[in-house]
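Hi,

Here is the structure I promised to pass on. Have a look at it first, and my notes follow underneath.

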Amino acid sequence: MQYKKSLAIVVFTAITAFYSCTKKAETRNELVGKWKWVKTEGGIAGHILETPETTGRNVQLQFHHSRHYELHTNGSLSAEGSYTLETKKCIHDHADKTFIRFSGSTPAPMMVEKTIADTLVLSDEAFDGMKSSYVRVQ
């Protein structure tokens with residue numbers, strides 16, 4: 001009887017670990033590529049709306065399979081390093097979402113709010129935070 005309980009725990013743990021790794025791998029595969037920044041919006045009462053046109057900044061974020069990222073601003077490399085993915089509960093809707101942690105301090109950690117077709121929405125996990133939308137360019 002004790003053997004069956006132990007076996008059940010091991011199997012459950014293995015399945016959970018496999019699902020977790022599979023989900024991270026799927027998310028990483030969804031992120032891999034070049035993303036062009038389209039807009040950032042939010043803040044207290046949603047009063048902020050920034051776009052490349054209003055800021056004069058053209059931003060591209062690139063994720064590689066090797067867990068390396070590059071951030072280009074107006075065609076120049078502005079940040080690069082490694083990134084890791086973790087699953088955390090979102091403070092907005094309490095759903096489990098992927099959290100991207102970048103090496104260094106720029107860019108700040110971001111929550112993957114959603115990926116729909118060729119659109120990526122990232123947020124800075126704060127109640128009055130900002131959401132940034134990107135479109136896939138490659």
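Let's start with serine 133, which counts as buried because its relative accessibility is 12%, under the 20% cut-off for that label. Keep in mind while you browse that this is a predicted model. Serine 133 sits in strand S9, which covers residues 130–136. Leaving aside residues up to four places away in sequence, serine 133 is in touch with Lys36, Trp37, Val38, Lys39, Leu120 and Val121.

One of those contacts, Leu120, leads on to the largest nonpolar core. That core has 19 residues, and the members touching the most other members are Phe63, Tyr83, Ile100, Leu120 and Leu122. Two or more residues each come from strands S1 (33–42), S3 (59–63), S4 (68–73), S5 (76–89), S6 (96–102), S7 (110–116) and S8 (119–123).

Leucine 122 is worth clicking on too. With residues up to four places away in sequence set aside, its contacts are Leu61, Ile100, Met110, Met111, Val112, Glu113, Met130, Lys131, Ser132 and Tyr134.

Then there's threonine 84, over in strand S5. Is threonine 84 buried, exposed or partly exposed? It counts as partly exposed, because its relative accessibility is 40%, and that label covers values between 20% and 50%. Again not counting residues up to four places away in sequence, threonine 84 touches Phe99, Ile100 and Arg101. As for the last of these, the C-alpha atoms of threonine 84 and arginine 101 are 5.3 Å apart, with the two residues 17 apart along the chain.

Cheers

Notes. Residues numbered from 1 in each chain as written. Predicted model: local features only at pLDDT ≥ 70, side-chain atom pairs only at ≥ 80, totals over all residues. Heavy atoms only, no water. Helix = DSSP H or I, 4+ residues; strand = E, 2+ residues; numbered from the N terminus. Buried < 20%, exposed > 50% of the residue type's maximum accessible area, 1.4 Å probe, protein only. Contact = heavy atoms within 4.5 Å. Core = buried A, V, L, I, M, F, W, Y, C linked by side-chain atoms within 4.5 Å.
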